[in-house]
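Please open the structure in your viewer and set the display to a cartoon, so that you can follow this tour one selection at a time. We will go from the sheet to the ligand, and then to two single residues.

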Amino acid sequence: GKQVPGLKTGTNIQKRPILLGFSQLGSESDWRKANTLSIKESAEESEISLLFENAEQSQERQFEAVRSFIKQKVDVISIAPVVEKGWEPILKEVKQAGIPVIIIDRLVEVSDPSLYVTFIGSDFYEEGRKAGKYVLDKLANTPGPIGIVELKGTEGSTPSIARGKGFHEVITKRTDFAVLESANADFTFTQGKEVMRSFLQARGTSIRVLFSHNDDMALGAIEAIEEYGLRPGKDIVIVSVDGTRKALEKLMEGKINSVVECNPLLGPNLIQAVNEMIDGRTLPKRIVTPESIFTEVTAAREIGTRRY
Ligand code: GZL
């Protein structure tokens with residue numbers, strides 16, 4: 001195992017695996033399942049032993065997991081925070097215990113940046129802007145007014161806040177674009193279908209565009225649109241975020257028009273950050289995962305290599 005400083009006993013240095021406590025926020029989507037698998041696989045490949053706790057969307061259960069990691073005296077704690085607010089107290093407890101914290105995937109809103117070493121995750125604001133730009137391009141030659149509906153992710157989560165902000169800022173360029181409905185559907189297939197059904201009942205054929213904050217909600221919405229009697233990808237332009245295999249398949253069928261990539265494979269970045277930190281190296285405050293955008297054209301090329 002790695003040499004953990006302060007573990008010298010006598011002449012030989014005591015070697016034991018690094019203990020990483022990871023609080024995962026849930027298993028709400030294909031993206032999340034891929035994220036969990038990536039972290040477990042990367043920990044296995046390295047000499048790091050992983051304590052994994054799944055909070056199933058409950059911030060309180062994330063706090064409990066972090067407290068149990070403190071009790072177990074782990075070397076590092078990593079958190080994928082379900083929402084941004086409410087993390088100061090628990091992160092102060094971790095700091096008092098002298099355990100470094102790595103935030104991954106989503107961000108925490110804290111006034112004291114020393115409460116975590118680094119944040120590894122996507123630029124969600126840019127993802128929202130990419131989605132907005134796609135809609136502007138797709139409808140460049142379509143006269144308004146154009147009705148848009150939005151399926152938002154978990155209320156108060158970084159991806160939902162930032163994707164929405166980026167998207168809305170970009171589409172203001174067209175004054176004949178109107179957001180008719182915008183509601184949270186918690187990143188899940190089931191709620192995406194239910195909320196889209198309610199949008200259709202309220203607004204019917206005035207809906208011309210759907211912006212979904214993730215693929216699972218978009219896939220649910222596609223079922224609602226087809227049950228309503230409209231053609232997803234044709235009567236309603238659909239742009240989504242993540243880039244899961246199921247979404248790329250719909251992209252190839254023409255039922256989704258564009259998918260903005262959000263990379264869930266954060267395992268290698270996390271494990272590398274843990275090892276570098278244990279070796280006493282300083283880490284950048286922010287590590288951004290590289291991402292692109294998929295359309296009907298590129299989906300075919302991508303689908304073969306997708307791992308999730
Ligand atoms: C984004 C991640 C989001 C995904 C959803 O990094 O937090 O949560 O976009 C997932 O699919 O549920």
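**The sheet**

Begin by selecting the strands of this predicted model: six of them form an open sheet, in the order β2-β1-β3-β4-β5-β11, and their pairing is parallel. At the edges you will find β2, residues 48-54, and β11, residues 286-288, each of which pairs on one side only. If you look along the sheet, you can follow its twist, which averages 20° from one strand to the next. As background, strands of a sheet pair through backbone hydrogen bonds, either parallel or antiparallel.

Next, select residues 76-79, which make up strand β3, together with residues 101-104, which make up strand β4; these two strands run parallel and are joined by three bridges. For a single example of such pairing, show Ser78, whose bridge partner in β4 is Ile102.

Now add residues 267-278, which form helix α9, and see how this helix lies across β1, β2, β3, β4 and β5, running at about 140° to β1.

**The ligand**

Select the ligand and the 13 residues around it, of which Glu28, Ser29, Asp105, Arg106 and Asp242 come nearest. Which distances can you check here? Between an oxygen atom of the ligand and an N or O atom in the side chain of Glu28 you should find 2.5 Å, while a polar side-chain atom of Arg106 lies 2.8 Å from a ligand oxygen atom, and one of Arg32 lies 3.1 Å from a ligand oxygen atom. On its own the ligand has 310 Å² of accessible area, and the protein covers 100% of it.

**Two residues to compare**

Move to Arg163, which lies in helix α5, residues 158-171. Is Arg163 buried or exposed? Its relative accessibility is 2%, and because buried means under 20%, Arg163 counts as buried. Show its contacts beyond the nearest places in sequence, and you will find ten names to click through, including Phe124, Glu127, Phe211, His213 and Asp242; Asp242 is also one of the residues that come nearest to the ligand.

Finally, select Tyr228, which is found in helix α7, residues 215-228. With a relative accessible area of 40%, Tyr228 is partly exposed, because that value falls between the limits of 20% and 50%. Leaving out residues up to four places away in sequence, Tyr228 touches Leu200, Gly204 and Thr205. As a last step, draw a line from Tyr228 to Thr172, C-alpha to C-alpha: the two are 56 residues apart in sequence and 29 Å apart in space.

Note on methods
Residues are numbered from 1 along each chain as its sequence is written. This is a predicted model: local features need pLDDT of at least 70, side-chain atom pairs count only at pLDDT 80 or more; totals for chains, interfaces and linings use all residues. Side-chain values use heavy atoms; hydrogens and water are left out. Two strands pair if DSSP finds at least two bridges between them. Helices (H or I, at least four residues) and strands (E, at least two) are DSSP runs, numbered from the N terminus. Axes are lines fitted to C-alpha atoms, for helices over the stretch in contact, and angles run from 0 to 180 degrees between N-to-C directions. Contact means heavy atoms within 4.5 Å. A residue is near a molecule or strand if one of its heavy atoms lies within 4 Å of it. A polar contact is a pair of N or O atoms within 3.5 Å; within protein, one must be able to donate a hydrogen and the other to accept it, and residues adjacent in sequence count only if both atoms are side-chain atoms. Accessible areas come from the Shrake-Rupley method with a 1.4 Å probe; for residues, only the protein chains shown count as cover. Buried means under 20% relative accessible area, exposed over 50%, partly exposed in between (1.4 Å probe, protein chains only).
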